[in-house]
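Hello,

Here is the structure I promised to pass on to you. My notes on it follow below, so have a look whenever you get a moment.

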Amino acid sequence: RARRPRPPRRSPSRSFSPTMLAVTALLALEGYAVSHSALRPQSARVARPAKVSSIEAKLRVAVVGGGPAGACAAEVLAQEPNIETFLIERKLDNAKPCGGAIPLCMVDEFNLPMDIIDRKVRKMKMISPSNREVDIGQTLAPNEFIGMCRREVMDGYLRDRAGKYGANIINGLVTKVDVPKDVSPSGGKYTLHYTNYAGEGAKGSEGSLEVDMIIGADGANSRVAKAIDAGEYNFAIAFQERIKISDEKMEFYEDLAEMYVGDDVSPDFYGWVFPKYDHVGVGTGTVVNRPAIKQYQDAIRARAGDKISGGKIIKVEAHPIPEHPRPRRVVGRVALVGDAAGYVTKCSGEGIYFAAKSGRMAGEALVRLMQGGTRVPSQEEIIREYIKPYDKAYGPTYAVLDILQKVFYSSNPAREAFVEMCESEYVQKVTFDSYLYKRVQGNNPVEDIKLLFTTVGSLLRGNALVTPDVPFSNPVESKKRL
């Protein structure tokens, strides 16, 4: 079977000063921070174990969840002729509530066609708590952009591609996972129970599937994660309305995205207006005050004002988003990827690229370890070949953005300073380079020192300019975990 050629790996910079790391989080539009270490080359092979007995049937891997993480994992596995791959997705036209922004490097790295990109954003407008507006994007080259996608379009394309490579796609909802008592390589099989919606009738029919391994890509409410006792994590609620506005008003958002900060739109995140194919996505999110999400959504619509007035709400979406990786991402012969694993960055909320990347890395790790479908890998091997390289590459990103969210989204004065700092061309260039290519280009010690003093000055001015945040309390809801 012909294999899709893979693009060459780039060797990202490993050098980060503290201020450079701070810069990479300043434009928090669907993810602006990267710390990327060189990964193990794809050609690397694990040591071949002692001879195993011949296997009459192909080894089976089930990928539960058909978003970017699951589809990219299934695509890799399906290209191995001696592995039988199943991709189970409950809703093939699912439109996850998501800003839908993808970095430019993802287009090449994952061979995405331009026709799944609705808009090429080259300008952004950031609006502070005092409604100060800062236009950014002047450092972008003519061929550089942030891609805006509808998830139902992009996810569908990735799933279909996995199917063309040989993945068996099941339109079903996994309701239960039976875990064998022995999860070692020589243990029993996992049994997936699911409702199959491929036939006629809204209720569907019951089905089951026995497999040797599972990749859980079934989102923040992952049933796979619960079945293997992967542990809990804190989560945000993202809320988005798709609003159809007039053609004249849509022209304003032709290649422009907006980001609003302030405790009126979110006490710990940001609100957005992102252009889609023929409408805008207007939304917000929060971790610390989830019960007030509709109040914050009303506020982001009010802040956008006349630019979206008279628009018709054509779809309302809400979804939990993980705030940190789960305590256990590999248990036995089950690996978690994407939101199910907790791969969403703080401060920015970027998850699409990291979902696709984790799915691909997990799939590649299993293919290497299974050695042509002749063996079943152990938990320790999967951790070594998938989790450790992923954490080495992206762990610092999650840690740094966690700190920066606490600094810049903690109060209105800090948010005001955040927007002021984004006027700097140096901040814009380093941030866009970090986001678009998942690497930081050219540390400049002089500019770093200038930025440090600018940050302090911005924070002092922010304290003098804006009103404090309105206090709130939800001691019960804030303790809930997924």
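Which residue takes a positive phi in the hairpin of S5 and S6? It is asparagine 131, with a phi near 70 degrees, and the hairpin has five residues between the strands.

Before the rest, a word on the source. This is a predicted model, in which local features need pLDDT of at least 70 and side-chain atom pairs count only at pLDDT 80 or more, while totals for chains, interfaces and linings use all residues. Residues are numbered from 1 along each chain as its sequence is written, and side-chain values use heavy atoms, leaving out hydrogens and water.

Staying with that hairpin, strand S5 (residues 123-127) and strand S6 pair in the antiparallel sense over four bridges. (Helices, H or I of at least four residues, and strands, E of at least two, are DSSP runs numbered from the N terminus; two strands pair if DSSP finds at least two bridges between them.) Lysine 125 has aspartate 135 in S6 as its bridge partner. In S6 (residues 133-136) the side chains alternate: Val134 and Ile136 point to one face and are buried, whereas Glu133 and Asp135 point to the other and are not. Buried here means under 20% relative accessible area, exposed over 50%, and partly exposed in between, with a 1.4 Å probe and protein chains only.

Next, the sheet. Eight strands form an open sheet with mixed pairing, in the order S10-S9-S8-S2-S1-S11-S18-S17. Its edge strands, S10 (205-211) and S17 (330-331), each pair on one side only. Strands S11 (residues 213-216) and S18 (residues 334-336) are parallel partners over three bridges, and isoleucine 214 has valine 334 in S18 as its bridge partner. Helix H9 (residues 352-370) packs on the sheet, touching S1, S2 and S11. Contact means heavy atoms within 4.5 Å.

Now the interior. The largest nonpolar core (buried Ala, Val, Leu, Ile, Met, Phe, Trp, Tyr and Cys residues joined through side-chain atoms within 4.5 Å) has 108 residues, and Ile146, Leu192, Ile214, Tyr386 and Tyr409 touch the most other members. H9 gives the largest share of this core, 12 residues. A second, separate core of 15 residues includes Ile127, Val273, Val280 and Ala299.

Finally, the cysteines. The whole structure holds zero disulfides (pairs of cysteine sulfur atoms within 2.5 Å). Cysteine 72 is buried at 2% relative accessible area, and cysteine 149 is buried too, at 1%.

Best wishes

Terms used
Axes fitted to C-alpha atoms, helices over the stretch in contact; angles between N-to-C directions.
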